[in-house]
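Student: Hey, got a minute to walk through this one with me? I've got it open on my screen.

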Amino acid sequence: MPEWIVIFYPINFLSAYVLYIYLYNRRKLIGFHLGMNLTMVTAGGLALGTGIIFINLYPFYFLEATLFSVIVGGISGVLFGNLFDYQTLLSGYITGLMMGIMAPMVGAAAYEGVLFLIMIEIFILSSFCIAAALRLTKPDTFVWRGLLCIYY
């Protein structure tokens with residue numbers, strides 16, 4: 001596996017940081033359903049990307065890859081879930097934990113798959129962009145690209 005894939009770590013963490021700052025300023029406008037989904041996307045995405053990159057860089061360190069991706073997923077789930085409420089915090093933590101456990105397995109199954117890794121990175125970054133594209137107007141209501149969606 002080429003060593004240049006390590007560049008995805010700072011890209012993932014920087015995009016998650018930018019999304020966190022964006023959501024922190026708008027957290028009062030986000031209901032618990034949308035907040036829970038945002039937390040699950042970010043925690044799962046970060047854990048998935050971290051585990052796949054780590055196991056492709058160090059293929060014989062499966063335990064370390066699992067522990068690292070679980071820690072990253074759990075911390076990101078707690079941080080993003082803490083923006084909203086306790087239920088969302090628990091949901092984000094569990095999602096990060098489960099994705100962190102599964103990510104090295106997926107990475108080992110797709111070993112030497114640069115195209116697979118690029119597809120996962122595109123998925124993660126596009127889900128962060130979709131989360132940031134929500135233009136919040138009032139609690140539990142958001143407008144996304146001209147389409148009005150209301151949660152009940």
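Student: Let me start with a random pick. Leaving aside its neighbours within four places in sequence, which residues is Met99 in contact with?

Tutor: Outside that four-place window, Met99 is in contact with Gly44, Ala47 and Leu48. Keep in mind that this is a predicted model.

Student: Fair enough. Which helix is Met99 in?

Tutor: Met99 sits in helix H4.

Student: And how far apart are the C-alpha atoms of Met99 and Gly44?

Tutor: They are separated by 5.4 Å, while along the chain the two are 55 residues apart.

Student: Is Met99 buried or exposed, or something in between?

Tutor: In between: its relative accessibility is 24%, so Met99 counts as partly exposed. The cut-off for buried is under 20%.

Student: What about Ser91, where is that?

Tutor: Ser91 is in helix H4 too, which covers residues 86–109. Ser91 has 17% relative accessibility, so it counts as buried. Not counting residues up to four places away in sequence, it touches Met36 and Met40.

Student: OK, let me zoom out. How many helices and strands does the chain have?

Tutor: Five helices and three strands. Reading from the N terminus, the order is α-α-α-α-α-β-β-β.

Student: What share of the residues counts as buried?

Tutor: 45% of the 152 residues in the chain.

Student: And the contacts, how much comes from residues 24 or more positions apart?

Tutor: If you take contacts with a separation of 6 or more, residues 24 or more positions apart account for 75% of them.

Student: Let's do H2 next. How many of its residues are buried?

Tutor: 21 of the 26 residues of H2 are buried, so this helix is largely enclosed by the rest of the structure.

Student: And its length, what should it span and what does it span?

Tutor: H2 runs over residues 32–57, and at 1.5 Å a residue it should span 38 Å. Its end C-alpha atoms are 37 Å apart, which agrees.

Student: Give me one residue from H2. What does Thr50 touch?

Tutor: Thr50 is in helix H2, and it touches Tyr9, Phe13, Phe68, Ser69 and Val72, not counting residues up to four places away in sequence. Thr50 has a relative accessible area of 2%, so it is buried. You can also check Ala65: it is 15 residues from Thr50 in sequence and 8.2 Å away in space, C-alpha to C-alpha.

Student: Now helix packing. What numbers do people use for that?

Tutor: Two packed helices are described by the angle between their axes and the distance between the axes.

Student: So what are those for H1 and H3?

Tutor: The axes of H1 and H3 (residues 62–81) come within 11 Å and cross at roughly 15°. H1 and H3 are therefore roughly parallel to each other, and their crossing is left-handed.

Student: Which residues make that contact?

Tutor: From H1 you have Tyr9, Phe13, Ala16, Leu19, Tyr20 and Leu23, and from H3 there are Phe68, Val72, Leu79 and Phe80. By class, the contact of H1 with H3 has ten nonpolar, no polar and no charged residues.

Student: Tell me about Leu23, buried or exposed?

Tutor: Buried, since Leu23 has 1% relative accessibility. Not counting residues up to four places away in sequence, Leu23 touches Ile30, Leu38, Phe80 and Leu83. From Leu23 to Gly35 is twelve residues in sequence and 9.3 Å in space, C-alpha to C-alpha.

Student: And H1 with H5, at what angle do those cross?

Tutor: Roughly 10°, with the axes of H1 (residues 8–25) and H5 (residues 114–132) coming within 10 Å. H1 and H5 are therefore roughly parallel to each other, and their crossing is left-handed. By class, the contact of H1 with H5 has twelve nonpolar, two polar and one charged residues.

Student: Glu121 is in H5, right there on my screen. What is Glu121 in contact with?

Tutor: Leaving aside neighbours within four places in sequence, Glu121 is in contact with Phe8, Asn12, Gly49 and Ile53. Glu121 is buried, with a relative accessible area of 2%.

Notes:
Residues numbered from 1 in each chain as written. Predicted model: local features only at pLDDT ≥ 70, side-chain atom pairs only at ≥ 80, totals over all residues. Heavy atoms only, no water. Axes fitted to C-alpha atoms, helices over the stretch in contact; angles between N-to-C directions. Helix = DSSP H or I, 4+ residues; strand = E, 2+ residues; numbered from the N terminus. Parallel < 35°, antiparallel > 145°, perpendicular 65-115°, else oblique. Left-handed = near helix turned anticlockwise from the far one by under 90°. Nonpolar A, V, L, I, M, F, W, Y, C, P; charged D, E, K, R; others polar. Expected span 1.5 Å × (residues − 1). Buried < 20%, exposed > 50% of the residue type's maximum accessible area, 1.4 Å probe, protein only. Contact = heavy atoms within 4.5 Å.
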